[in-house]
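Me: I would like to go through this structure with you. Could we start with the strands and then move on to the helices?

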Amino acid sequence: VLPRLTSVSSSVCLSYTLDNDVLTMEQRQFYEDNGYLLIRKLVSDEDIERFRKEFVRICKREVKPPGAMIMKKESLRSQYGQSEKVVNKVQDFQEDEELFRYCTLPEVLKYVECFTGPNIMAMHTMVINKLPDSEKQTFLHPMHQDLHYFPFRPADLIVCSWTAMERADENNGCLVVQPGTHKESLKPHDYPKWEGKTNKLFYGLLDEDETIPKVHLVMEKGDTVFFHPLLIHGSGINKTSGFRKSISCHFASSECYYIDVKNTTQEHMEKELIEMVQKKYDTISVKLMDIWNFRARLVQGERINL
């Protein structure tokens, strides 16, 4: 009788996960309190190897996925040419069937559904290739909330799945989180005031609360962390000579809806993203919702709003 009583009361007091038979009560409570949940060895070595090979093919321009944004460290191009030693991120890989397999893996979606419900959209996809860094800290990502980038709500029906493609630790710039910050509101973001250290769209919090403890998420290959879009997180620099790869997708319930970000703290992000897209595609008129409609793909259930 007792376990049933627990599960009934759980739906009353747990607001960040949906009732499901995948997560234990301990896991649900951990996410409730901390805003993230780490699942060990979720993605197979075989899948990760396939993703890594496809990433290398994209870096070498052997494959050119439509709509993918390939972010490079231009100053390394003369030294390394078209190779993974130059590319620090492939964003929006939803049209690359091989990489997009990550967003459809049953073992990943099984967990995603605990946060979004059965109708799941893959909204934003990335392979991050954290390059070896110097004192310039070019590839340090300042502490931020992912919701700053997203013009859709409610936040509680959005979750990021982030999988380490090799060991990630403090030496090569693992994720750093501030547990519990998912319960706070969306804060103002801007480019950090660092000398020569800002990458396009690498926004950070304007006022970072240094008193909130930080946790370094040390992860092995295949380990996957699910986290809330308001959780404050970032990543350090890669002090090794290798490359720290990860693959991620932000999923949202298709019942989420678009919002107008005009006159909000997100307005400058909208302006900059639209300018980038207009420049890339040589187009005059594009709306933020158009960009997201192009990125979004249904992976499970039915498409309702997004």
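Reply: Certainly. A term is needed at the outset: two strands pair if DSSP finds at least two bridges between them. Please also keep in mind that this is a predicted model.

Me: Understood. What is the bridge partner of His141 in β13?

Reply: His141 has Ser235 of β13 as its bridge partner. His141 belongs to strand β5, residues 141-144, and 2 bridges join β5 to β13. These two strands run antiparallel.

Me: And how many bridges join β8 to β13?

Reply: Strand β8, which covers residues 175-178, is joined to β13 by 4 bridges, and the two run antiparallel. Within this pair, Gly234 is the bridge partner of Val176, and His233 stands opposite Val177.

Me: What is the order of the strands in the sheet?

Reply: The order is β5-β13-β8-β11, in an open sheet of 4 strands with antiparallel pairing. β5 and β11 (215-216) are the edge strands, each of which pairs on one side only.

Me: Back to β13, then. Are its residues buried or exposed?

Reply: Strand β13 spans residues 232-235, and both of its faces are covered. Ile232 and Gly234 lie on one side, His233 and Ser235 on the other, and all of them are buried.

Me: Changing topic: where is His124 found?

Reply: His124 is found in strand β4, which comprises residues 120-130.

Me: Why is His124 called buried?

Reply: His124 is called buried because its relative accessible area is 10%, and buried means under 20%.

Me: What is His124 in contact with?

Reply: Leaving aside neighbours within four places in sequence, His124 is in contact with Gln91, Asp92, Phe150, Ser248, Cys249, His250, Trp292 and Arg295.

Me: Now the helices. How are two packed helices described?

Reply: They are described by the angle between their axes and the distance between the axes. Here, the axes of helix α3 (residues 45-59) and helix α5 (residues 97-104) cross at roughly 140° and come within 9 Å. The crossing of α3 past α5 is left-handed.

Me: Which residues make that contact?

Reply: From α3 they are Asp47, Arg50, Phe51, Glu54 and Ile58, and from α5 they are Glu98, Leu99, Arg101 and Tyr102.

Me: How many of them are nonpolar, polar or charged?

Reply: In the contact of α3 with α5, 4 residues are nonpolar, 5 are charged and none is polar.

Technical notes. Residues are numbered from 1 along each chain as its sequence is written. This is a predicted model: local features need pLDDT of at least 70, side-chain atom pairs count only at pLDDT 80 or more; totals for chains, interfaces and linings use all residues. Side-chain values use heavy atoms; hydrogens and water are left out. Axes are lines fitted to C-alpha atoms, for helices over the stretch in contact, and angles run from 0 to 180 degrees between N-to-C directions. A crossing is left-handed if the near helix is turned anticlockwise from the far one by less than a right angle, and right-handed if clockwise. Contact means heavy atoms within 4.5 Å. Ala, Val, Leu, Ile, Met, Phe, Trp, Tyr, Cys and Pro count as nonpolar, Asp, Glu, Lys and Arg as charged, and the others, Gly among them, as polar. Buried means under 20% relative accessible area, exposed over 50%, partly exposed in between (1.4 Å probe, protein chains only).
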